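I opened a fresh page for this chain and went through it piece by piece. My notes follow in the order I looked things up.

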Amino acid sequence: MANVTFYEKPGCRNNTKQKNLLLAAGHNLEAKSLLTEPWTPETLRPFFGDLPVNLWFNPSAPKIKSGEVIPDNLSEEKALELMIVDPLLIRRPLIHVDGVFRVGFEPEKIDTWIGLNPDKPVTEDLETCPRSHEEKSCTTVQ
């Protein structure tokens with residue numbers, strides 16, 4: 001059992017499913033809003049480790065879908081600057097456990113790292129937003 005700090009977008013369906021998987025595996029969970037956390041480059045950067053900058057971003061973010069922000073064209077510094085101004089750009093969730101920081105929810109990697117419930121394998125995509133943002137954008141907390 002791990003003590004997990006889980007940064008989410010409140011109201012996000014996938015983040016809710018992810019939290020439920022962690023709780024079902026017996027982990028203690030402290031959920032925080034990714035949108036209201038007072039991020040700085042120093043507090044945000046550790047979550048991305050050695051991932052390329054384009055994998056730091058939420059591909060469902062309105063500014064990415066519209067082409068206003070193109071992650072492939074950004075330096076680390078510019079990416080962090082944009083994410084601090086608009087946290088919807090950040091790939092979620094951000095997870096912190098015992099000094100280890102991670103971004104995203106890839107069930108196999110989470111299971112290897114801190115463990116998930118082996119009796120309930122995850123078979124669905126828990127990172128791609130299932131909502132149609134044409135109906136209502138996720139620009140506000142839900």
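**Entry 1: the parallel pair**

I started with Thr5, which stands opposite Glu30 in β2. The model is a predicted one, and I read every value below in that light. I then looked up the strands around this pair. Strand β1 covers residues 3–8 and strand β2 covers residues 28–33. The two run parallel, and six bridges join them.

Next I asked which hand the unit made by β1, helix α1 and β2 has. I found it right-handed: β1, α1 (residues 13–24) and β2 form a β-α-β unit of that hand.

**Entry 2: the whole chain**

I stepped back to the full fold. I counted five helices and four strands in the chain. Along the sequence, I read the pattern β-α-β-α-α-α-β-β-α. The chain has 142 residues, and 40% of them count as buried. I also checked the contacts between residues at least 6 apart in sequence. Of these, 66% join residues at least 24 apart.

**Entry 3: the cores**

I looked for nonpolar cores next. The largest has 20 residues. Phe48, Phe57 and Leu94 have the most contacts inside this core. Helix α4, residues 76–85, gives the most to the core, with three residues. Apart from this core I found another, of eleven residues. Val4, Leu21, Leu22 and Val97 are among its members. I noted a general point beside this: nonpolar side chains in soluble globular proteins tend to be buried together.

I then listed what Leu94 touches, leaving aside neighbours within four places in sequence. Its contacts include Thr5, Phe6 and Tyr7. Leu34, Trp39 and Leu44 are also among them. So are Phe47, Phe48, Arg102 and Val103. Thr5 thus turns up again in my notes, as a contact of Leu94.

**Entry 4: two sides of α4**

I went through α4 for burial. Ala79, Leu80 and Met83 are buried. Why do I put them on the same side of α4? They cover an arc of only 95° around the axis, so they share a side. On the other side, I found Glu77 and Val85 exposed. The buried residues of α4 pack against α2, residues 41–44.

I also looked up Lys78, which is found in helix α4. Lys78 counts as partly exposed, at 35% relative accessibility. I checked Lys78 against Val53, 25 residues away along the chain. Their C-alpha atoms are separated by 9.9 Å.

**Entry 5: backbone oddities**

I scanned the backbone for a cis peptide bond. One joins Arg92 and Pro93, with omega about -5°. Pro93 lies in the loop between α4 and β3, the latter being residues 94–97.

I also wanted positive phi values outside glycine. Asp98 has one, with phi near 45°. I placed Asp98 in the loop between β3 and β4, where β4 is residues 100–103. Is Asp98 buried or exposed? Asp98 is exposed, with a relative accessible area of 69%.

**Entry 6: salt bridges**

How many salt bridges does the structure hold? I noted seven.

I took Arg45 and Glu76 as one of my pairs. Their closest N and O atoms are 3.1 Å apart. Arg45 lies in the loop between α2 and α3 (62–65) and Glu76 in helix α4, so the pair ties together parts that are 31 residues apart in sequence. Both partners are partly exposed: Arg45 has a relative accessible area of 22%, and Glu76 is at 34%.

Then I looked at Glu106 and Arg91. This salt bridge has its closest N and O atoms 3.1 Å apart. Glu106 is in the loop between β4 and α5 (107–113), and Arg91 is in the loop between α4 and β3, so the pair ties together parts 15 residues apart in sequence. The burial of the partners needed a separate check. Glu106 counts as partly exposed at 29%, whereas Arg91 is buried at 11%. The cut-off I applied is that buried means under 20% relative accessible area.

I followed Glu106 one step further. Its side chain also meets that of Lys109 in a salt bridge, at 3.6 Å from N to O. Salt bridges with shared partners thus join Arg91, Glu106 and Lys109 into one network. I closed the page there.

How values were computed:
Residues numbered from 1 in each chain as written. Predicted model: local features only at pLDDT ≥ 70, side-chain atom pairs only at ≥ 80, totals over all residues. Heavy atoms only, no water. Pairing = 2+ DSSP bridges. Right-handed = clockwise from strand over helix to strand, strands pointing away. Core = buried A, V, L, I, M, F, W, Y, C linked by side-chain atoms within 4.5 Å. Buried < 20%, exposed > 50% of the residue type's maximum accessible area, 1.4 Å probe, protein only. Contact = heavy atoms within 4.5 Å. Arc of directions from axis to C-beta. Salt bridge = Lys/Arg side-chain N within 4 Å of Asp/Glu carboxyl O.
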